[in-house]
Amino acid sequence: MSGRTGPGPVTIAALQAALAAEHAAIYGYGVAGAYLTGTGRATATSDWLAHQVTRDTLEAMLRARGAKPVAAAAGYQLPAAVRTPAEAAQLAVILEDRVAVAYLGLVALSEASIRRFGAEQLQASAVRAAAWRGSTVAFPGLPASLLAAPRHV
Amino acid sequence: MAVHPTRRVVLAAAVTLPLAAVSGCGGANVLASPPRPAADVGLLRSAIAAEQLMIARYGAVIGGTTAAMSSTLAPLLAEHRAHLVQLRSRLVVPAGSPTPSQRAPAAPAGVPSAPGAALAYLRDAERAAASALLGRLPHAPASLAQLLASISASEASHVPVLDRAAAR
């Protein structure tokens, strides 16, 4: 029924939320990179670039749907103080976790191409987060409250 | 007096429904086929089977490997078990359908014994499983799509871990 009227407000809001998370990640990786050296710095730089590519894709997706992409804020409040390489890595994990939640929001949409894009970005974010964390997780992006409590395993 | 029209309507509906099914779907076997489970039951069953196979593969590799390699593989296997628990918790089996197997299938054949080849075997399996889940997304209801996408991302994150272990 709504197919003729273009993307609904839910689709646009979810794409804007993903874009806002990417803006925050780009800012945060800039900070994290400043406290890293060697391979840590190189990884932060490559992840920072990956987020910029995805930001550009999201902006194009929004424009193609007649929406004005949200702009980046001039600055962001960091979730925790960063003064050491370990804290920089922790910040990167938090940034990726927030991006992952936003991409799961895209997966809930009905448009197949957006759903797939969200799932691919969730994969990319989970791979980056695992590298920073030093371990993997079973359910990237999914809050524990959405998971069924294990009965008897 | 008020009871009669109601009963008549119900009886009429009971008579009309199968006829509508026949004329709508045009096949003589429509009446004979049992009610079809919802689309997500099929999706869940295939995702459950894929996780069981993955768990069996890890079990087969861990069974023939060194302690160092199993300490790398154990957390990944634990995540697959967690995936299986969540998938099973979503499966509401329609009455009268066969109960899905609760046990993982027998160890798959053709598992390489050399450590490097075994790690590559698991890596390829993870990559294929993550990609197969992406292919199932268009057919899933939103909340199941989110679970499948999250599991797919977890499997994708196992690939570099297995690659790094193979490089050691």
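**Briefing: a predicted two-chain helical model**

Let's start with one residue: Glu155(B) sits in helix H5 of chain B. Keep in mind that this is a predicted model, with an ipTM of 0.92 and a pTM of 0.83. H5(B) is worth watching, since it also gives the largest share, 14 residues, to the side of chain B that touches chain A.

**Glu155(B) up close**

- Glu155(B) counts as buried because it has 28 C-beta neighbours inside 10 Å, and the cut-off for buried is 20 or more.
- Setting aside neighbours within four places in sequence, Glu155(B) is in contact with Glu126(B), Ala129(B) and Ala130(B).
- Arg123(B) is 32 residues away from Glu155(B) in sequence, and the two C-alpha atoms are 9.3 Å apart in space.

**Chain B as a whole**

- Chain B has five helices and zero strands, so reading from the N terminus you simply get α-α-α-α-α.
- Buried residues account for 29% of the 168 residues in chain B.
- Take the contacts in chain B between residues at least 6 apart in sequence: 77% of them join residues at least 24 apart.
- The average pLDDT of chain B is 79, and 68% of its residues score at least 70.
- Go easy on the start of the chain: over residues 1-30 of chain B, pLDDT stays under 50. For that stretch the model has five contacts beyond four places in sequence.

**Where the chains meet**

- On the chain B side, 26 residues are in contact with 26 residues of chain A.
- H3, H4 and H5 of chain B are the elements that give two or more residues to the side touching chain A.
- Sorted by class, that side of chain B has 16 nonpolar residues, nine polar ones and one charged one.

**The largest nonpolar core**

- This core holds 76 residues, and those touching the most other members are Ala18(A), Ala92(A), Tyr103(A), Val107(A), Leu122(A), Leu148(B) and Ala149(B).
- From chain A, H1 (9-34), H2 (38-64), H3 (85-107) and H4 (112-133) each supply at least two residues of the core. From chain B, H2 (39-63), H3 (67-90), H4 (115-136) and H5 (142-167) each do so too.
- The top contributor is H3(A), which gives 12 residues.
- Leu122(A) has partners in both chains once residues up to four places away are left out. In chain A it touches Ala100(A), Tyr103(A), Leu104(A), Val107(A), Pro140(A) and Gly141(A). Its partners in chain B are Ala149(B), Ser150(B) and Ala153(B).

**Two helices of chain A**

- H2(A) has 27 residues, so at 1.5 Å a residue it should span 39 Å; its end C-alpha atoms are 40 Å apart, which agrees.
- The buried residues in H2(A) are Ala44(A), Asp47(A), His51(A), Thr54(A), Arg55(A), Leu58(A), Met61(A) and Leu62(A).
- Those buried residues of H2(A) have cover that includes H1, H3 and H4 of chain A.
- After H2(A) comes Gly66(A), with a positive phi near 75 degrees.
- H4(A) has 22 residues, so at 1.5 Å a residue the expected span is 32 Å; the end C-alpha atoms are 31 Å apart, which agrees.
- H4(A) is mostly covered, with 17 of its 22 residues buried.
- Gly134(A) follows H4(A), and its phi is positive as well, near 85 degrees.

How values were computed
Residues numbered from 1 in each chain as written. Chains lettered and ligands numbered in written order. Predicted model: local features only at pLDDT ≥ 70, side-chain atom pairs only at ≥ 80, totals over all residues. Core = buried A, V, L, I, M, F, W, Y, C linked by C-beta atoms within 7 Å. Buried ≥ 20, exposed ≤ 12 C-beta atoms within 10 Å, placed from the backbone. Helix = DSSP H or I, 4+ residues; strand = E, 2+ residues; numbered from the N terminus. Contact = placed C-beta atoms within 7 Å. pLDDT = per-residue confidence, 0-100. Nonpolar A, V, L, I, M, F, W, Y, C, P; charged D, E, K, R; others polar. Expected span 1.5 Å × (residues − 1).
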